[in-house]
Amino acid sequence: MITLEMVANVVSMIGTCCGLFSRVPQVYKVYKSKSAGDLSSQTMAINITANSCFLFYTVVHEQYPIMLNCLSVITLESSLIYMKYKYGKVKKSSSQTNLIDTVPSDNDF
């Protein structure tokens, strides 16, 4: 017989797996584009703090799957902060380039 606790465990594992991989697409996108200027450092710092606190709780209560999720989020958010400061400003795409800036002035000759 399936109990509510069994369903809760399965749902918890699904949520943990989603949490493990939730930031991977963002990290990949920033790494490939070398642009992280639009990311909020404050939001990432809050996520790291929240997951660090929750990590402490999971260590004390020996909740290993959720502990893995916390470590994953902390690692991915930290890598985003690192890349934000490494890559600096947002790169402009060709459609965002100001055409007036591309015309040579008389001083360029």
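Author: Before we start, one term: two residues are in contact when they have heavy atoms within 4.5 Å. Also, this is a predicted model.

Reader: Fine. Using that, what does L39 touch, leaving out residues up to four places away in sequence?

Author: L39 touches Q26, V30, M44, L80 and K84.

Reader: And which residues make up the largest nonpolar core?

Author: There are nine: V27, V30, A36, L39, M44, L76, L80, M83 and Y87. So L39 belongs to that core, and so do three of the residues I just listed for it, namely V30, M44 and L80.

Reader: Which helix gives the most to this core?

Author: Helix 4, with four residues. Helix 2 and helix 4 each supply at least two.

Reader: Why would nonpolar side chains sit together?

Author: As a general matter, nonpolar side chains tend to be buried together in soluble globular proteins.

Reader: What does the second core include?

Author: That one is separate and has five residues, among them I48, L55, M67 and C70.

Reader: Let me back up. How many helices and strands are there in the protein chain?

Author: Five helices and zero strands. Read from the N terminus, the order is α-α-α-α-α.

Reader: And where is the confidence lowest and highest?

Author: Helix 5, residues 99-102, is lowest with a mean pLDDT of 53, while helix 3 is highest at 89. The chain averages 80, and 81% of the residues score at least 70.

Reader: What share of the 109 residues is buried?

Author: 24% of them count as buried. As for contacts with a separation of 6 or more, 75% come from residues 24 or more positions apart.

Reader: Give me an example around I81. Where does I81 lie, and what is it in contact with?

Author: I81 lies in helix 4. Apart from neighbours within four places in sequence, I81 is in contact with M44, A45 and I48. I81 and M44 are 37 residues apart in sequence, yet their C-alpha atoms are 7.1 Å apart in space.

Reader: On to helix 1. How far apart are its end C-alpha atoms?

Author: They are 26 Å apart. That agrees with what you would expect, because 18 residues (4-21) at 1.5 Å a residue should span 26 Å.

Reader: Which residues of helix 1 are buried?

Author: T16, G19 and L20. They cover an arc of only 95 degrees around the axis, which puts them on the same side of helix 1.

Reader: Why would residues three or four places apart point the same way?

Author: An α-helix has 3.6 residues a turn, so residues three or four places apart point the same way.

Reader: What's on the other side of helix 1?

Author: L4, V11, C18 and F21 are there, and they are exposed.

Reader: And what do the buried residues of helix 1 pack against?

Author: Helix 2 (24-33) and helix 4 (64-87). From the helix 4 side, take S72. Leaving aside neighbours within four places in sequence, S72 is in contact with G19 and L20. S72 counts as buried because its relative accessibility is 13%, where the cut-off is under 20%.

Reader: Switching to cysteines. How many disulfides does the structure hold?

Author: Zero.

Reader: Why isn't C70 bonded to C53?

Author: The two sulfurs are 9.9 Å apart, which is too far for a bond. A disulfide here would need them within 2.5 Å.

Reader: Is C53 buried or exposed? And what about C70?

Author: C53 counts as exposed, because its relative accessibility is 52%. C70 is buried, with a relative accessible area of 1%; you met C70 earlier in the second core.

Reader: Last topic, backbone angles. Which way do most residues other than glycine go, negative phi or positive?

Author: Most residues other than glycine have a negative phi.

Reader: What is the phi of K34, then? And of E62?

Author: K34 has a positive phi of about 55 degrees, though it is not a glycine. E62 isn't a glycine either, and has a positive phi of about 50 degrees.

Reader: Where do I find K34 and E62?

Author: K34 is in the loop between helix 2 and helix 3 (41-60). E62 is in the loop between helix 3 and helix 4.

Reader: How accessible are they, K34 to begin with, and then E62?

Author: K34 is partly exposed, at a relative accessible area of 32%. E62 counts as exposed, since its relative accessibility is 53%.

Conventions:
Residues are numbered from 1 along each chain as its sequence is written. Side-chain values use heavy atoms; hydrogens and water are left out. The expected span of a helix is 1.5 Å times one less than its number of residues. Buried means under 20% relative accessible area, exposed over 50%, partly exposed in between (1.4 Å probe, protein chains only). The arc is that of the directions from the helix axis to the C-beta atoms. A nonpolar core is a set of buried Ala, Val, Leu, Ile, Met, Phe, Trp, Tyr and Cys residues joined through side-chain atoms within 4.5 Å. pLDDT is the predictor's confidence in each residue, from 0 to 100.
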